[in-house]
Amino acid sequence: MTNGKLLWVDDEIELLKAHIIFLEKKGYEIDTVTNGFDAVEHCGENSYDLILLDENMPGISGLETLKRIKEIAPTTPVVMVTKSEEENIMDEAIGSKIADYLIKPVNPTQILLSLKKNIHQREIVAEHTQTAYQQNFGALGMLIDDASSISDWIEVYRRLVAWELQLSETDSAMREMLAMQKSEANRSFARFVERNYLKWVNDSECEGRPLLSPDVFKRRVFPLLDNGEKVFLIVIDNFRYDQWRTLMGEISEMFNIDESLYCSILPTATQYARNAIFSGLMPNIIAEMFPDLWVDEDSEEGKNLNEAPLIQTLFKRYRRQHTFSYNKVNDSAGAERLVNQLPQLAKYDVNVCVLNFIDMLSHARTESRMVRELASNEAAYRSITLSWFRHSAVGDLFRTLASSNYRVILTTDHGSIRCQTPVRVKGDKNTNTNLRYKLGKNLDYNSKEVYEITDPHRALLPAPNLSTRYIFARADCFFAYPNNYNYYVSYYRNTFQHGGISMEEMLIPLIELTPKRR
């Protein structure tokens with residue numbers, strides 16, 4: 001079995017005999033030709049893993065040969081090995097998507113490195129990544145076991161996501177080991193949250209309290225306004241940290257990035273977490289102070305129709321004279337309209353934009369078999385997010401903002417988790433339908449399987465009835481009713497849900513972006 005089949009095209013091929021022998025000893029099979037015409041003919045008759053091509057040859061040039069080879073074998077990597085140091089030739093070769101550009105004289109090791117990079121990179125990276133994860137498995141396990149503060153858990157989650165992104169590029173059994181480690185981490189994280197959550201929401205000065213949903217404006221937006229900045233706040237509904245890391249490469253070309261994570265309140269659902277962001281208040285305070293702006297769970301009215309008025313109450317409470325706009329974008333047409341309106345929006349101190357695509361994708365994946373196939377796992381979910389950013393008007397929005405003087409804050413209200421484990425719950429007809437949290441006065445469940453809050457006021461949550469209680473699913477669990485249990489479980493298992501306690505839902509991106517052209 002060879003390491004690969006190569007074609008080497010050079011009018012001085014005899015002078016490269018030592019290089020060819022070196023590569024043959026490394027397991028490569030090599031065909032040689034001395035001109036472009038023969039190279040094109042060989043490519044039509046054979047399949048090569050890589051082509052080494054000289055630029056300056058009699059007959060047709062290397063660049064013309066490259067063009068003809070690309071017509072025959074568009075996916076075969078071509079490495080240009082030439083004496084030419086002319087910049088225009090380099091530019092043209094790179095523009096023609098060559099795999100590498102080496103200037104003679106080259107030594108055999110340079111050639112070998114280029115082959116490894118262009119033929120074997122995937123296998124080498126996969127092997128290295130698997131080995132590195134195996135070596136770090138124990139240390140990561142200790143980090144999980146020792147995590148005792150929110151900063152510890154943010155570090156755990158960051159590392160788990162980093163490994164997840166690296167291992168997703170491999171077909172490695174290590175991915176299963178990582179999934180098991182992540183599940184164990186989520187169970188421990190849930191216990192950590194349960195020990196500390198009531199303290200966090202009731203004492204804003206308590207030691208170790210994370211930045212929570214109601215703090216976002218006060219702690220991140222207002223200081224920028226005080227420094228004379230104009231702020232563009234983009235809230236992507238249901239946006240996870242791993243999705244942010246997938247987009248980061250695209251965004252880093254346009255902006256300098258200051259990355260942090262903050263903690264969503266419970267329930268990690270839009271009605272609660274996003275309203276808390278925009279009002280700067282916990283949910284029960286919203287319901288008490290602004291009952292006309294709070295929508296109860298059993299209402300058929302949309303849960304997020306009052307976001308702009310909530311922002312207005314926040315500015316008024318803090319005696320902020322700043323002007324703001326509020327825009328909700330549900331589709332590409334809406335994003336295009338927003339991009340076209342940007343010149344008019346420049347008059348506002350703060351522009352708030354809510355992007356609903358990822359939340360819509362999450363719901364569509366649950367309801368549509370085709371979408372479920374397209375987003376079959378986390379890697380596919382991330383890939384669709386990246387494609388949406390690249391090919392929708394949202395990408396144009398960021399590109400336009402990169403040419404502005406705005407300080408951009410990119411964040412979300414909560415994330416989501418792929419649910420695997422059903423937990424039986426009974427409720428009456430007034431119980432809400434969310435699969436990750438329930439509230440009601442007649443809930444029947446095993447208290448060991450959930451995080452229960454029997455006194456909602458202690459968690460600063462609304463209580464429609466005196467006997468209302470909340471329960472939250474942990475890690476990858478989801479609530480299922482005993483009636484028609486098997487159908488319910490098979491339909492909702494492997495769907496992305498939110499509302500409960502997991503790192504994916506609660507530890508969410510809060511990113512400050514400064515245009516590089518500023």
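# Exercises on strands, salt bridges and helices

Within the strand pairing of this structure, Pro 422 has Phe 478 of E17 standing opposite. The model is predicted, so local features are described only at pLDDT of at least 70 and side-chain atom pairs only at pLDDT 80 or more, whereas totals for chains, interfaces and linings use all residues. Residues are numbered from 1 along each chain as its sequence is written, and side-chain values rest on heavy atoms, with hydrogens and water left out.

## Exercise 1: a sheet and its helix

Work out in which sense strand E12 and E17 pair, and over how many bridges.

Solution. Begin with the vocabulary: helices (H or I, at least four residues) and strands (E, at least two) are DSSP runs numbered from the N terminus, and two strands pair if DSSP finds at least two bridges between them. Strand E12, residues 421-426, is joined to E17 by four bridges in the parallel sense. Next, place this pair in its sheet, which is open, has three strands in the order E14-E12-E17, and shows mixed pairing. Strand E14 (444-445) and strand E17 (477-480) are the edge strands, each pairing on one side only. Finally, add helix H19 (residues 485-492), which packs on the sheet and touches E12 and E17, where contact means heavy atoms within 4.5 Å. The direction of H19 makes about 145° with that of E17, with axes fitted as lines to C-alpha atoms (for helices over the stretch in contact) and angles running from 0 to 180 degrees between N-to-C directions.

## Exercise 2: the surroundings of E6

Find which strands E6 pairs with, and decide whether its residues are buried or exposed.

Solution. Take the partners one at a time: six bridges join E6 to strand E9 (residues 350-355), and the two run parallel. Leu 233 has Val 352 as its bridge partner in E9. E6 also pairs with E10 in the parallel sense, over five bridges, and there Val 231 stands opposite Arg 407. Now consider accessibility, for which buried means under 20% relative accessible area, exposed over 50%, and partly exposed in between (1.4 Å probe, protein chains only). Six of the six residues of E6 are buried, so this strand is largely enclosed by the rest of the structure. Both faces are covered, with Val 231, Leu 233 and Val 235 buried on one side and Phe 232, Ile 234 and Ile 236 buried on the other.

## Exercise 3: salt bridges

Describe the salt bridge between Glu 229 and Arg 407, and state where along the chain the two residues lie.

Solution. A salt bridge is a side-chain nitrogen of Lys or Arg within 4 Å of a carboxyl oxygen of Asp or Glu, and in the case of Glu 229 and Arg 407 the N to O distance is 2.7 Å. The pair links distant parts of the chain, 178 residues apart, since Glu 229 belongs to the loop between helix H9 (216-226) and strand E6 (231-236), while Arg 407 belongs to strand E10 (residues 407-411). Glu 229 is buried at 17% relative accessibility, and Arg 407 is buried at 14%.

For a second example, turn to Lys 104 and Asp 10, whose side chains meet in a salt bridge at 2.5 Å, N to O. This pair, too, links distant parts of the chain: Lys 104 is in the loop between strand E5 (100-103) and helix H5 (108-119), and Asp 10, 94 residues apart from it, is in the loop between strand E1 (4-9) and helix H1 (17-25). Lys 104 is buried with a relative accessible area of 17%, and Asp 10 is buried at 0%. The structure as a whole holds 28 salt bridges.

## Exercise 4: helix H17

State how far H17 reaches from its first C-alpha to its last, and which residue caps its N-terminal end.

Solution. H17 (residues 378-391) has 14 residues and reaches 20 Å, close to the 20 Å expected at 1.5 Å a residue, the expected span being 1.5 Å times one less than the number of residues. The cap is Asn 377, with a side-chain oxygen 3.1 Å from the backbone nitrogen of Ala 379. Buried residues of H17 include Glu 378, Arg 382, Trp 388 and Phe 389. Arg 382 also belongs to a network of salt bridges that links it with Glu 164, Lys 182, Arg 240, Asp 242 and Glu 504.

How values were computed:
A polar contact is a pair of N or O atoms within 3.5 Å; within protein, one must be able to donate a hydrogen and the other to accept it, and residues adjacent in sequence count only if both atoms are side-chain atoms.
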